[in-house]
Amino acid sequence: MKIAILDDYFNTVRTLPCFSKLAGHDVTIWNDHVQDDAVLAERLKDTEALVLIRERTKIQAPLLDRLPRLRLISQRSVYPHIDIPACTRLGIIVSSDQHAGTPSYAAAELTWALTLAAARQLPQQVAALKTGRWQIGVGTTLRGKTLGIFGYGRIGTAVAGYGRAFGMNVLVWSSPDSLERARADGYGTAAGKETFFTKSDVISLHLRLYSATRGVVSADDLGRMKPSAILVNTSRAGLIVPGALEAALRAGRPGMAAVDVFEEEPVTDPTHPLLTMDNVICTPHIGYVSRDEYELQFTDIFNQIIAYDAGAPMNVVNSDVLGSAVSPKP
């Protein structure tokens, strides 16, 4: 089977132990990022199975209509970048393991790294020292402060544990079921959203992005935060109303932010508003970018390809296509 893998920036995939799962297949790996449909259509014209690394490339109907041999898209996690109705119309199976029961420790660890870096102004202090300046400010100790966890799922649960280990008071705001689980785990829960934003010294966002959560964090929410508070977002930029975070940071509530996600990615313009602010720490969506996480991610992705090739596709998100798209291995 002809398999194409997009957006493997550092040519990492072929070095993973799980890559051996694709032995015997014709695999092409692209290390650059391209969003131009004409270029992608030429590159993928013979592709039967397409591997996507998260949401790096949008796969929409105009491109799909130009890929007559494509029969499977295999990836992990959510899929807002894929035109599912178009895939179904064209008989293309989309397999995506939602890893609901697997904590994403890589993303949780980056969240905590950003929290510590923001509290102690680490990037700013390092940059200043390299220019000959010694100590440019006073940081904040996390012990005894309130860590607000907005969304108590796989990653939020892990980050709450880190907060507890650092002696923070953990306060959760989430869906009713998640609040019940948080209380069962011994964490405090907020009486309401306003209280959550008012009381927290650090707020970390851990929600999936879909229609109900897009813009769930408003300008009013941010305006309730303390001038000393930190907003951390390693989830999705769309959870915050566009422009609201930049405006809130200029107004001084919250006092600092640490973000790993942006509305449009990749960000290559150094004049992006968040990149120009001294009270913001930015990383280029690296929450899941670790060798260990890649091994977990691509093991699932390649298992989905093997299952399809055997005539038994798994983790199918557009089940209506089954029966018309599967070509069982003889």
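## Helix α4

Helix α4 is mostly covered, with 11 of its 15 residues buried, where buried means under 20% relative accessible area with a 1.4 Å probe and protein chains only, exposed means over 50%, and partly exposed lies in between. Among the buried residues are Leu-110, Trp-112 and Leu-114, together with several alanines that include Ala-106, Ala-107 and Ala-108. From its first C-alpha to its last the helix reaches 21 Å, close to the 21 Å expected at 1.5 Å a residue, the expected span being 1.5 Å times one less than the number of residues. Just after α4, Gln-121 takes a positive phi of about 55°.

The model is a predicted one, in which local features need pLDDT of at least 70 and side-chain atom pairs count only at pLDDT 80 or more, while totals for chains, interfaces and linings use all residues. Residues are numbered from 1 along each chain as its sequence is written, and side-chain values use heavy atoms, with hydrogens and water left out.

## Helix α6 and its neighbours

Helix α6 spans residues 154–165 and reaches 17 Å between its end C-alpha atoms, close to the expected 16 Å. Its buried residues are Ile-155, Gly-156, Ala-158, Val-159, Ala-160 and Gly-163, and these pack against α4 (105–119), β6 (146–150) and β7 (169–173), a contact being heavy atoms within 4.5 Å. Just after α6, Gly-167 takes a positive phi of about 80°.

## Ala-86 in α3

Ala-86 is placed in helix α3, residues 84–90, and counts as buried because its relative accessibility is 3%. Leaving aside residues up to four places away in sequence, Ala-86 touches Ala-61 and Leu-64; its C-alpha also lies 7.4 Å from that of Gln-60, although the two residues are 26 apart in sequence.

## The chain as a whole

The secondary structure comes to 11 helices and 12 strands, which are DSSP runs numbered from the N terminus (H or I of at least four residues for helices, E of at least two for strands). The radius of gyration is 22 Å, which agrees with the value near 20 Å for a compact globule of 330 residues; this radius is taken over C-alpha atoms, and the globule rule is 2.2 Å times the number of residues to the power 0.38. The C-alpha atoms fill a box of roughly 65 × 50 × 35 Å along the principal axes.

Of the 330 residues, 47% count as buried, and among contacts between residues at least 6 apart in sequence, 61% join residues at least 24 apart.
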